[in-house]
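Student: Could you walk me through this structure, and may I keep interrupting with questions?

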2 protein chains.
Amino acid sequence: MPDILEDADRHCAKTGARLTPLRRRVLELVARSGAPVKAYDLLSQIDRSSTSAKPPTVYRALDFLIEAGLVHRVEALNAFVACPQAGHGHAAVLYVCESCANVTEVQGARPGQENKPPGFTVKRSVIEHYGLCVDCPKP
Amino acid sequence: MPDILEDADRHCAKTGARLTPLRRRVLELVARSGAPVKAYDLLSQIDRSSTSAKPPTVYRALDFLIEAGLVHRVEALNAFVACPQAGHGHAAVLYVCESCANVTEVQGARPGQENKPPGFTVKRSVIEHYGLCVDCPKP
DNA sequence: CCTTAAGGTGTTACGTTATTACATCCGCTC
DNA sequence: GAGCGGATGTAATAACGTAACACCTTAAGG
């Protein structure tokens, strides 16, 4: 797969977003873990390198990365995953395996809008499916 | 609109779920507020009547109500709304107005499964759309 | 009647997640 | 080098959620 970090560099160069060392490091940590990562886990991993990171450090970096479309927040898990395709950020559908924690992201196809209430303007959607991926045994 | 509490009574009588006074009271509080309610807000409202409610009290009641399909959790808000139709619980699509906080629930039409990864078995879906309802001014 | 078991609630304590507010620093422009 | 804006450091605390255990009621079975 294409390198997420290089992808992010290119994407930020193009959009003017400032991918600082700290933000890049947080993205790297999120990307390395194949699964959703908790903010405080990131925190303790950063901790090991720098002096002693505090919550706002990592939350600010995550806010930036989400805004830049490089990371998704998994709402029902209070966790974060790297977006495999920089910039597609805000239109993702996530399939989360409850057994192995693997997350698959599907782009496009923003469903549910057909039945939407009349006159409602959608700005942001949270679409997360939980279940079992093809590799995990069905109980 | 049909009375949510009576609806809940009927639904629980049919399914054998035990809608105790405490649980009924929590449902009432959630239903009265037209908007998503926070667990700790419920807590302080219960507080006023009974001696002094603690977090597990309200979280246990909410767990029951969600399980019974009477309440939905709004994942991206850490909040809760009453389901207008008892029992349709687990298949809801929510439209949340970010201006007036009103929530409209649409049943059926569980989208997104067309593009799902091969072999993935969906057990539960979180589908929440955020934006502006028809009554709120567009910025 | 007494015992037992199950489910619900009360209570304490704690763990986890997230934000506010303010200080500091770095790079840029004038 | 003064001033500015964005990024980061730091302390404190708010907001959200759960574990563990005690107690009580209710229903079933002897």
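**Cores, contact and salt bridges**

Tutor: Let us begin with B:Leu42, which touches B:Val26, B:Leu29, B:Val30, B:Val37, B:Val58 and B:Leu62, leaving aside residues up to four places away in sequence; a contact here means heavy atoms within 4.5 Å. This is a predicted model, in which local features need pLDDT of at least 70 and side-chain atom pairs count only at pLDDT 80 or more, while totals for chains, interfaces and linings use all residues. Residues are numbered from 1 along each chain as its sequence is written, chains are lettered from A and ligands numbered from 1 in the order in which they are written, and side-chain values use heavy atoms, with hydrogens and water left out.

Student: Which residues of the largest nonpolar core touch the most other members?

Tutor: That core has 26 residues, and those touching the most other members are B:Val26, B:Leu27, B:Val30, B:Leu42, B:Leu62, B:Leu65 and B:Leu70. Two or more residues each come from helix H1 (4-15), helix H2 (21-32), helix H3 (39-49), helix H4 (55-67) and strand S2 (79-82) of chain B, and H4(B) gives the most, with five residues. A nonpolar core is a set of buried Ala, Val, Leu, Ile, Met, Phe, Trp, Tyr and Cys residues joined through side-chain atoms within 4.5 Å, where buried means under 20% relative accessible area, exposed over 50%, and partly exposed in between (1.4 Å probe, protein chains only).

Student: And how are the elements of chain A ordered?

Tutor: From the N terminus on they run α-α-α-α-β-β-β-β-β, that is, four helices and five strands; helices (H or I, at least four residues) and strands (E, at least two) are DSSP runs, numbered from the N terminus. Of the 139 residues of chain A, 41% count as buried.

Student: Changing topic, how many residues does each chain bring to the contact?

Tutor: Chain A brings 34 residues and chain B brings 34 residues. Together the two chains bury about 2900 Å², 59% of it on carbon and sulfur atoms; buried area is the accessible area (1.4 Å probe) that two parts lose on being put together, summed over both. In chain A, the residues that lose the most area to chain B are A:Tyr95, A:Phe120 and A:His129, together 21% of what that side buries.

Student: How many salt bridges are there between chain A and chain B?

Tutor: The count between them is two, a salt bridge being a side-chain nitrogen of Lys or Arg within 4 Å of a carboxyl oxygen of Asp or Glu. One pairs the side chains of B:Lys123 and A:Glu98 (3.4 Å, N to O), and it crosses from strand S5 (residues 121-132) of chain B to the loop between S3 and S4 of chain A. B:Lys123 is exposed, with a relative accessible area of 55%, whereas A:Glu98 is partly exposed at 42%.

Student: What about B:Glu75, is that one buried or exposed, and which residue does it meet in a salt bridge?

Tutor: B:Glu75 is buried, with a relative accessible area of 8%, and its side chain meets that of B:Arg124 in a salt bridge (3.7 Å, N to O). The pair links distant parts of the chain, 49 residues apart, with B:Glu75 in the loop between strand S1 (71-74) and S2 of chain B and B:Arg124 in strand S5 of chain B. B:Arg124 counts as partly exposed, at 36% relative accessibility.
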